[in-house]
Amino acid sequence: MHKNNKHSKGYDFNLLVKATPQLEPFVFTNSFGNVTIDFANPKAVKLLNTALLKQHYNINYWEFPDANLCPPIPGRVEYIHVINNLLNKSGIKENITVLDIGTGATCIYPLLGHASYNWTFIASEIDKLAIKSAQTIIDKNKLNNNITIRHQDNEQNILTGVLNANDKISAAMCNPPFYKDEEEANANTLLKQKGLGKQTQKVERNFSGTAKELWYPGGEKAFVHNYLYQSSLLKTNCFWYTCLVSKTQHVLSMENSLKKLGATDFKILQIALGNKISRVVAWTFLTKEEQTQWNS
């Protein structure tokens, strides 16, 4: 994990239970003598992440429908830290505005980015019910001056219709839908349940998730290539476009496409969470001169 990640040494359940007493019934000592929760239980997972936000990020209200995806905080904040490193190396250290593509009902990246680095966010979302939930979270935590939600009203678009011609953002971030359809998502969930020791054929996602959050026609590859193309239409509006990419085989095709679209730089940034390795792909269309003049 990144050196700034507050969760690199695990969880202090005593502190977390004090922050969120509702978590206590789900905490137990396992056969190895470790204090933990049942990570196959969606209620336990949601309460754990609620406690993490309250204890470490001063987020006192984080309520959303149980059907929506419950993001694991350590992994989500790792993406924030990786982007911060990227911006710092590019000389961008203040007045940072980030676009969160598909912020979801939890508004998680804007919450973590503002709490960790005081960034300002534009958060886009296609689902009106998710927008209502995210806006309530923003209101309750008094973050209206720091986070603005924009509705994406076209399912075919990612950036078009969200970014305006005069918008200037330091970075865009995105956690794309991984699956091409419900069947693929369910098969993966059953495999994950087996790994957690849950022997059942009933699909129950420990982090939940709705259709719009989990799958996209053509899957991750189709989504990211649409994103690449639309970013090429807004070359000078954003310094670094970035995207989480779950499948290694998609990275090469992204690099080839970006060369054709005129990208001037392409980076693969590793994220390591325990034994799990994932990656953030970052690209820019700015010339060296435009990069140098970015903050002027």
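**Exercise 1. Following strand S6 through its pairings**

In this predicted model, strand S6 pairs with strand S7 (residues 238-245) in the parallel sense over 3 bridges. Your task: find which residue in S7 is the bridge partner of Ala172, and which residue of S6 is the bridge partner of Leu99.

*Solution.*

Step 1. Begin at S7. The bridge partner of Ala172 in this strand is Tyr241.

Step 2. Now turn to strand S3 (residues 97-101), which pairs with S6 in the parallel sense over 4 bridges. Here Leu99 has Ala172 of S6 as its bridge partner.

Step 3. Carry on from S3. Strand S4 (residues 120-125) runs parallel to S3, and 5 bridges join the two. In S4, Ile122 stands opposite Leu99.

Step 4. Put the steps in a row: Ile122 is opposite Leu99, Leu99 is partnered with Ala172, and Ala172 is partnered with Tyr241.

**Exercise 2. Covered or open?**

Decide how many residues are buried in S6 and in S3.

*Solution.*

Step 1. Recall the cut-off: a residue is buried when its relative accessible area is under 20%.

Step 2. Count for S6 (residues 169-174). In this strand, 6 of 6 residues are buried, and S6 is mostly covered.

Step 3. Count for S3. Because 4 of its 5 residues are buried, S3 is largely enclosed by the rest of the structure.

Step 4. Set this beside the whole protein chain, where 49% of the 296 residues count as buried.

**Exercise 3. Two residues, two surroundings**

Work out whether Gln152 is buried or exposed, and which side chain makes a polar contact with the side chain of His225.

*Solution.*

Step 1. Locate Gln152. You will find it in the loop between strand S5 (147-151) and S6.

Step 2. Check its accessibility. The relative accessible area of Gln152 is 4%, so this residue is buried.

Step 3. Look for polar partners. The side chain of Gln152 reaches the backbone nitrogen of Asn154 at 3.2 Å. A polar atom of that side chain also lies 3.0 Å from the backbone oxygen of Thr160.

Step 4. Widen the view. Not counting residues up to four places away in sequence, Gln152 touches several others, including Glu125, Ile126 and Val162.

Step 5. Move on to His225, which sits in helix H8 (residues 219-232). With a relative accessible area of 21%, His225 is partly exposed.

Step 6. Find its partner. The side chains of His225 and Ser253 make a polar contact (3.1 Å). These two residues are 28 residues apart along the chain, and their C-alpha atoms are separated by 8.7 Å.

Step 7. Complete the list. Leaving aside neighbours within four places in sequence, His225 is in contact with Ser253, Met254 and Ser257.

**Exercise 4. Exploring a pocket**

Find which helix gives the largest share of the lining of the second largest pocket, and how the lining residues divide into nonpolar, polar and charged.

*Solution.*

Step 1. Start with the volume: the second largest pocket has about 210 Å³.

Step 2. Pick out some lining residues in the structure. Among them are Ala19, Lys46, Leu47, Tyr61 and Trp62.

Step 3. Look for the main contributor. Helix H2 (residues 42-57) gives the largest share of the lining, with 4 residues.

Step 4. Sort the lining by character: 4 residues are nonpolar, 4 are polar and 3 are charged.

Note on methods: Residues are numbered from 1 along each chain as its sequence is written. This is a predicted model: local features need pLDDT of at least 70, side-chain atom pairs count only at pLDDT 80 or more; totals for chains, interfaces and linings use all residues. Side-chain values use heavy atoms; hydrogens and water are left out. On a 1 Å grid over the protein atoms alone, a cavity is a set of points where a 1.4 Å probe fits but cannot get out, and a pocket is an open set with protein on both sides within 12 Å along at least five of seven lines; lining residues have an atom within 4 Å of a point. Grid points are joined across faces, edges and corners, and a volume is the space filled by probe spheres set on the points. Ala, Val, Leu, Ile, Met, Phe, Trp, Tyr, Cys and Pro count as nonpolar, Asp, Glu, Lys and Arg as charged, and the others, Gly among them, as polar. Buried means under 20% relative accessible area, exposed over 50%, partly exposed in between (1.4 Å probe, protein chains only). Two strands pair if DSSP finds at least two bridges between them. A polar contact is a pair of N or O atoms within 3.5 Å; within protein, one must be able to donate a hydrogen and the other to accept it, and residues adjacent in sequence count only if both atoms are side-chain atoms. Contact means heavy atoms within 4.5 Å.
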